[in-house]
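Got the viewer open? Let's take a walk through the model, one selection at a time.

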Protein chains: 2
Amino acid sequence: MAAPPTIKEIAKRANVSIGTVDRVIHKRGKVSKKNQKLIEDIMSELNYTPNVNGRNLSLNKTYKIALLIPEEIDDGYWSAPLEGVKKAQNIFRSSNLAVHYYLYKKDVEESFQEKSNKILNDDCDGVIMAPQLYNEANLFLRKCAERSLPFVLIDFNLSDMEPLTYIGQNAFQSGRLAGELLSLGKNESSTFLVMNITGKGDKNVIFRRRIEGFQSYLNEKLKDFKVEVFSIFAGDIALKQKINEKIQKVIPDLSAIFITNSKSYLIADCLPQNESIRVLGYDLLMKNRALLKDGKIQMLIHQRPIDQGYMAVECMYQYLVTKQKPPEEIVIPLDIVTPENAMFY
Amino acid sequence: MAAPPTIKEIAKRANVSIGTVDRVIHKRGKVSKKNQKLIEDIMSELNYTPNVNGRNLSLNKTYKIALLIPEEIDDGYWSAPLEGVKKAQNIFRSSNLAVHYYLYKKDVEESFQEKSNKILNDDCDGVIMAPQLYNEANLFLRKCAERSLPFVLIDFNLSDMEPLTYIGQNAFQSGRLAGELLSLGKNESSTFLVMNITGKGDKNVIFRRRIEGFQSYLNEKLKDFKVEVFSIFAGDIALKQKINEKIQKVIPDLSAIFITNSKSYLIADCLPQNESIRVLGYDLLMKNRALLKDGKIQMLIHQRPIDQGYMAVECMYQYLVTKQKPPEEIVIPLDIVTPENAMFY
DNA sequence: TAATTTGCTGTGTACGCACACACTATTACG
DNA sequence: CGTAATAGTGTGTGCGTACACAGCAAATTA
């Protein structure tokens, strides 16, 4: 096990000083062509990689990473990536990484703008964000790109902004999975009810893709069935009433309910307590967990929000500290959660 | 954002030299009680953590981690943790971590002994292993404990050996989950067939626990059912024939088949092609993936072997490099894999 | 020709820590 | 009383890198 080559070693072989080698490594010029070439050759021959400890010690720089996500209010979704980030911080803390939180009020443009401006002023080295408010997010990311401030996106991708990495799921396939799980063991002709309860700042793109996937699966595998899509605004005053009406109307041959996002808990009371009607939703919020436990919902698709937060920091570490390029996209698996495996997620 | 406290800073506050502080940190004694206390107080007040870069630079030590698992031969299970280890290596490479592979011939005691002895001679700093050969593993781990060589166990726990960390699943709950998934949508009276195909070096303990969990779930939730457990040695010459006979015997009211380990692929040909008979097995080997795709199996429980490898290295990093204590146990979630989400695992 | 610029190179220091070593009091003992 | 052991303390060096700075010769300018 040969000791890894050092700057000193290279300098000795090239018969120059470490300063000259350093100039080559950092491409600061002011080196004669002859030496330039010589040193480069030796470096590639020895397969030189800078010692990270030495580098960081000498730079003595703590990279500042901004986390820009909605603040936790009622539903618990955004506390999960935060938890993952904290976990990662704990592991990478000793490695010159500091994460600063910029939590804005969900769906409030002004709050987003305020926090995102703060990031630009605070001279950060990287941004981790979930693009909730589409327009504002775009505007902000454009500014980041201008200053060549690297950013990692979680939850939803804006691929034309060319993020360092996107971490999230495949919405279409997630819908297909829902179709598979809800039709499992059901052969008789029946109706599938899709509940699309949308909040203000929600990215309907995702939900739409999920529904498309859902229908794609059923079309492919089932013969005699009906799909009814029911979209409604989460803030609707008569929410529960309208949903109840809808369910009553289709219940005679209702086979399963597909709730396209994490909002299952909003309609818990409306769900039929008929054993043969299967219900599937998204995300392991505390309230949704309770529904699983009570048997009101049979399955949830889990997006690993904690891991998303963790991996985002990991990517930043890779990029900033070890100077490696993280993968362009990390696809989160579609975890199926039932009462019997919920405790592990 | 105050700069993190350094040894120098502490020394200044305590009015001593950095040497004295150093002695306190490393508990090397030779410090007066008064100063000892004073320095400890200041350290906890400032919440001092040594700078990892400085430490490692000065130690200039590359930690050598031994990976002791079966070599990849026919089935692909053990290539997965290896892959995870490599992934982790890539990320932590720059951090004084080197993993050395000690791959032994599966189920061959002599090979295990040879490799494990090599580890002891090679002066490693940590061991990652999967305890396959029970007696040999015990013997080896005892020697590790003697030399206070830390080890992380994956896949199967020997908790009385007090590993640094155990990474794996809960076998009992995994059986319960199998019960839930196989009985989903089945109310009529029916028979559940449990296929327990054991290899030579296999740890039947795990399979037994899985079966117990399976039965526990059915007893709790179903009324009218029968469970038949069929155990057989994987090397049995008449394997397929015997299994075929068994299946034919129960097929009239056979509802589902539970294969207790990764060996589904061995009996692929025997599986009934009846849509209403659901089959569930373990582990995403290539061959099992094919069964999923062909519809011969509906579900697999995934043990995240890649992650197990990755996390094992991560634990070692935490323990050796950053000197933090990793969690005693990391419970791997019970992932449910179906044809529609298999591509993400 | 002297003065200045330019191109290239080497030196020195800092970063935070670990550890070997040297040093000073204090105490013990013959 | 002198020598030796001992407890407690400070100093110095090295780890590998980054970067400011100084130096020095050749080329250019005044």
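A word on classes before we start: Ala, Val, Leu, Ile, Met, Phe, Trp, Tyr, Cys and Pro count as nonpolar, Asp, Glu, Lys and Arg as charged, and the others, Gly among them, as polar. This is a predicted model, in which local features need pLDDT of at least 70, side-chain atom pairs count only at pLDDT 80 or more, and totals for chains, interfaces and linings use all residues. Residues are numbered from 1 along each chain as its sequence is written, chains are lettered from A and ligands numbered from 1 in the order in which they are written, and side-chain values use heavy atoms, with hydrogens and water left out.

**Stop 1: DNA strand D**

Select DNA strand D and the residues near it, meaning those with a heavy atom within 4 Å. There are 25 residues around strand D, and A:Ile7, A:His26, A:Tyr48, B:Arg23 and B:Asn35 come nearest. By class, that surface has 7 nonpolar, 12 polar and 6 charged residues. Now colour by element of secondary structure; helices here are DSSP runs of H or I with at least four residues, strands are E runs with at least two, and both are numbered from the N terminus. Which helix gives the most to this surface? That's α4(A), with 4 residues.

Zoom in on the phosphates. The side chain of B:Asn35 has an N or O atom 2.5 Å from a phosphate oxygen of strand D, and for A:Arg28 the side-chain distance to a phosphate oxygen is 3.0 Å. Then look at A:Gly54, where a backbone N or O atom sits 3.2 Å from a base nitrogen. Of the strand D atoms within 4 Å of the protein, 65% belong to sugar or phosphate and the rest to bases.

**Stop 2: DNA strand C**

Hop over to DNA strand C. Again 25 residues surround the strand, the closest being A:Ser17, A:Asn35, B:Ile7, B:Tyr48 and B:Ser58. A polar side-chain atom of B:Tyr48 is 2.6 Å from a phosphate oxygen, while one of B:Ser58 is 2.6 Å from a sugar or linking oxygen. For a base, click on B:Gly54: a backbone N or O atom there is 3.1 Å from a base nitrogen of strand C. Here α4(B) gives the most to the surface, with 4 residues. Sugar or phosphate accounts for 72% of the strand C atoms within 4 Å of the protein.

**Stop 3: where the chains meet**

Hide the DNA and show both chains. In contact (heavy atoms within 4.5 Å) are 45 residues of chain B and 45 residues of chain A. Together the chains bury about 3900 Å², 54% of it on carbon and sulfur atoms; buried area is the accessible area (1.4 Å probe) that two parts lose on being put together, summed over both. Select B:Asn53, B:Glu340 and B:Phe344, which supply 18% of the area that chain B buries against chain A, more than any other three residues.

Next, find the salt bridges (a side-chain nitrogen of Lys or Arg within 4 Å of a carboxyl oxygen of Asp or Glu). How many are there between chain B and chain A? The count is 4. One to click on joins B:Arg176 and A:Glu340, with the closest N and O atoms 2.7 Å apart.

**Stop 4: the axis**

Finally, superpose chain B on chain A by least squares on the C-alpha atoms of residues with pLDDT of at least 70 in both. That takes a rotation of 179° with 0.4 Å of shift along its axis, and the RMSD is 0.7 Å. The two copies are thus related as by a two-fold rotation axis. Go back to B:Asn53: its C-alpha is the one in chain B nearest the axis, 2.0 Å from it.

Technical notes
A polar contact is a pair of N or O atoms within 3.5 Å; within protein, one must be able to donate a hydrogen and the other to accept it, and residues adjacent in sequence count only if both atoms are side-chain atoms.
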